[in-house]
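Hello,

Here is the structure I said I would pass on to you. Please have a look at it first, and then read on for my notes.

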Amino acid sequence: MNLSERDRQYLWHPYTQHKTATAPVAVTKGEGALLWDENGKEYIDAIASWWVNPFGHSNLFIANAIYKQLTTLEHVLFGGFTHEPAVILSEKLMAILPKNQQKIFFSDNGSTAVEVAIKVALQYFFNKGEKRTTIIAFENAFHGDTFAAMAASGISFYTQAFSGMFIDVVRIPVPVKGSEKVCFDAMRDVIKSHNCAGFLFEPLVQGAAGMVMYEAESLDELISICKENNVITIADEVMTGFGKTGKNFACDYLQQQPDVMCLSKALTGGTIPMAITTFTQDLFDGFYSDDINKALFHGHTFTANPTGCAAALASLELLETVVMQDNIQRVNKSHLAFQNHIQNHPKVTTTRVLGVIFALEVKIESEESYYGNMRTKLYNFFIEKGVILRPVGNIVYILPPYIITDEQLQKVYAIVEEALEIV
């Protein structure tokens, strides 16, 4: 049996209906923006393997940093202990994070980063003797699959099996162009009618919703409203962080800054699972007490794993190089050129670009579900052509590794354009 056939014996894949799904592609090697399957077929990884791999597969710089750390200290518990990689990483991150961020809490992945943020927002007010139990979130948001993160997500088929079991979440419209006032009014109404602890949002780009984009000025206004009402603001930068939007963080476009930031995915360059939630000093101080019961009782076995910290430090070093910053700008310019070329195509409704993120909406006659027939047809077409893209309903997006070559990018664009002829 080949790898794909052996896989079917025991493995349960994410977001997969195994009765109807095609066999998974068995990948045996990766280098740069390319992957190869067990039959030697080459694929361009045009979504950086779920947005985690900006510096390319099998990156030797990160690999060497991991190896060096593994031969020094692979892991030590973080409860009651610390180590140099975690300390240095905190110092490096503080140098590039918004200035109001002062404390770092480690966890394992994007969902747990959000979980920590929500728990802190709720317990912060509990510690002060205030009853605030509501989290505000955007419609069609996606914040992860752990329970609080899932509760704050708005894509119903992910959450419908758990209806009635969640924390209290109220959703407001996304302030896309033309809907700003409706969104602002909704925010004020929710704060007025509920005991709101926090506002959780994906800054500027809603990834899983189909790369829905909105302006920094609108988010500034929403954060201002929250600050006026002492509502904690939480930026989920799991997808957008570390260069995706053209800046280190999407929040770098803002005048107002969130109280909390959630980081993961590209944090370790796609090598080792790791996440970070950052906080203002005020939020940390809300847990700083002689009363042990006011501590944050949350932790993970692999919290601040030294090997993961070493990978993150290497990733940050790569991100800050002139070459990588130039790559981000190069990909952005290429996206803009393709947008100019494709936006008037008769089968394209809208296009949008921010940083290395490109998205287009395919014209459809009836509403297309998230994992509908068009999405499946497009996905299979892309795989057949040797390009890894995962459409969201009728939204096709490209979010490649920064090191993707111009030739590879042009091939991706050409195949996306070719795909429009089959829908």
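On the surface, Tyr15, Trp50, Phe157 and Tyr371 make up a nonpolar patch, and together they have about 350 Å² of accessible area. Please keep in mind that this is a predicted model. One member of the patch, Trp50, sits in helix H2, which covers residues 48-51. Trp50 has a relative accessible area of 33%, so it counts as partly exposed.

Next, the inside. The count of cavities of 30 Å³ or more comes to one. In the largest cavity there is about 40 Å³ of space. If you want to find the spot, look for Phe55, Phe242, Ala266, Leu267, Ala312, Ser315, Leu316 and Leu319, which line the largest cavity. What kinds of residue make up that lining? Seven are nonpolar, one is polar and none is charged.

Now to the charged side chains, where the count of salt bridges is eight. Three of them are described below.

Glu130 and Arg132 are joined through their side chains in a salt bridge, with 3.2 Å from N to O. Are these two partners buried or exposed? Glu130 is partly exposed, at a relative accessible area of 30%, whereas Arg132 is buried, at 19%. The cut-off for buried is under 20% relative accessible area, which is why Arg132 falls on that side.

Asp185 and Arg188 form another salt bridge, at 3.8 Å from N to O. Both belong to helix H8 (residues 180-193), and because they are three residues apart there, about one helical turn separates them. Asp185 is partly exposed, with a relative accessible area of 31%, and Arg188 is partly exposed too, with 41%.

Then there is the salt bridge between Glu418 and Lys385, whose closest N and O atoms are 3.1 Å apart. Glu418 is part of helix H14 (residues 406-419), while Lys385 is in the loop between helix H13 (373-384) and strand E15 (387-388), so this pair ties together parts that lie 33 residues apart in sequence. Relative accessibility is 36% for Glu418, which counts as partly exposed. Lys385, at 32%, also counts as partly exposed.

Finally, one network is worth displaying: Lys181, Asp185, Arg188 and Glu221 are joined into it by salt bridges that share partners. You will recognise Asp185 and Arg188 from the pair in helix H8.

Enjoy exploring it, and do write back with any questions.

Best wishes

Notes:
Residues numbered from 1 in each chain as written. Predicted model: local features only at pLDDT ≥ 70, side-chain atom pairs only at ≥ 80, totals over all residues. Heavy atoms only, no water. Patch = residues over 30% accessible without salt bridge, like charges linked within 9 Å, V, L, I, M, F, W, Y side chains within 5 Å. Areas by Shrake-Rupley, 256 points an atom, 1.4 Å probe, with all protein chains shown as cover. Salt bridge = Lys/Arg side-chain N within 4 Å of Asp/Glu carboxyl O. Helix = DSSP H or I, 4+ residues; strand = E, 2+ residues; numbered from the N terminus. Buried < 20%, exposed > 50% of the residue type's maximum accessible area, 1.4 Å probe, protein only. 1 Å grid on protein atoms, 1.4 Å probe; cavity = no way out; pocket = protein on both sides within 12 Å on 5 of 7 lines; lining within 4 Å. Points joined across faces, edges and corners; volume = space filled by probe spheres on them. Nonpolar A, V, L, I, M, F, W, Y, C, P; charged D, E, K, R; others polar.
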